[in-house]
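The following exercises concern aromatic pairs, helix packing and individual residues. Please work through each task before reading its solution.

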Amino acid sequence: MLEVGQILKAHYGNRFPLPTGNLPKLLVYLIGPLFGLSWTYTNTNVGQPMNLDNTYSKKDLGLVYRPLEETFVEHTEQLLAMNLI
């Protein structure tokens, strides 16, 4: 998720409050239950890398994906045009 913040910060500077770092797992472990996160969920999911593979969709289905930077910047522009942010 920090990657999204870095992409938007490169385009918009300090215009929006964006995350700059990860919360320590211990802090999430302590305050997680206040937000509905169990200790088991926090222990097994927080801090784990998110590995996704789009090889099948690109190779077998022929999909072509837009770059993440382009996607997030255009979505932000749309939200700004609609006065939602």
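Helices (H or I, at least four residues) and strands (E, at least two) are DSSP runs, numbered from the N terminus. The model is predicted: local features need pLDDT of at least 70, side-chain atom pairs count only at pLDDT 80 or more, and totals for chains, interfaces and linings use all residues. Residues are numbered from 1 along each chain as its sequence is written, and side-chain values use heavy atoms, with hydrogens and water left out.

**Exercise 1.** Locate Ile-31 and state its accessibility class.

Solution. Ile-31 belongs to helix H2. Accessibility is classed as buried under 20% relative accessible area, exposed over 50%, and partly exposed in between (1.4 Å probe, protein chains only). The relative accessible area of Ile-31 is 31%, so this residue is partly exposed. Its C-alpha lies 34 Å from that of Glu-70, and the two residues are 39 apart in sequence.

**Exercise 2.** Determine how many aromatic pairs the structure holds, and classify each.

Solution. Rings of Phe, Tyr and Trp (its six-membered ring) pair if their centres lie within 6.5 Å; planes under 30 degrees apart count as stacked, over 60 as edge-to-face and the rest as tilted. Searching the whole structure yields two pairs. Tyr-12 and Phe-16 have centres 5.5 Å apart and planes at 70°, an edge-to-face arrangement. Both of these residues, Tyr-12 and Phe-16, are buried. For Tyr-29 and Trp-39, the centres are 5.4 Å apart and the planes are at 20°, so this pair is stacked. The pair links distant parts of the chain, with Tyr-29 in helix H2 (residues 25–31) and Trp-39 in helix H3 (residues 39–45), 10 residues apart. Tyr-29 is partly exposed because its relative accessibility is 33%; Trp-39, at 49%, is also partly exposed.

**Exercise 3.** Describe how helix H1 packs against H5.

Solution. Two packed helices are described by the angle between their axes and the distance between the axes. Axes are lines fitted to C-alpha atoms, for helices over the stretch in contact, and angles run from 0 to 180 degrees between N-to-C directions. For helix H1 (residues 2–12) and H5, the angle is about 65° and the axes are 10 Å apart. Contact means heavy atoms within 4.5 Å. On the H1 side, the contact comprises Glu-3, Val-4, Ile-7, Leu-8, His-11 and Tyr-12; on the H5 side, Leu-68, Glu-69, Phe-72, Val-73, Thr-76, Glu-77 and Leu-80.

**Exercise 4.** Characterise the surroundings of Thr-76, then those of Ser-57.

Solution. Thr-76 is part of helix H5 (residues 68–81). Its relative accessibility of 8% is the reason why Thr-76 counts as buried. A polar atom of the Thr-76 side chain lies 2.8 Å from the backbone oxygen of Phe-72. Not counting residues up to four places away in sequence, Thr-76 touches Leu-8, Tyr-12, Phe-16 and Ile-85. Among these, Tyr-12 and Phe-16 form the edge-to-face pair.

Ser-57 is located in helix H4 (residues 55–59). Ser-57 counts as buried because its relative accessibility is 11%. The side chain of Ser-57 has a polar atom 3.0 Å from the backbone oxygen of Asn-54. With neighbours within four places in sequence left aside, Ser-57 is in contact with Gly-62, Leu-63 and Tyr-65.

**Exercise 5.** Is Asn-83 buried or exposed?

Solution. Asn-83 lies in the segment after H5. Its relative accessible area is 67%, so Asn-83 is exposed. The phi of Asn-83 is near 55°, a positive value in a residue other than glycine.

Technical notes. A polar contact is a pair of N or O atoms within 3.5 Å; within protein, one must be able to donate a hydrogen and the other to accept it, and residues adjacent in sequence count only if both atoms are side-chain atoms.
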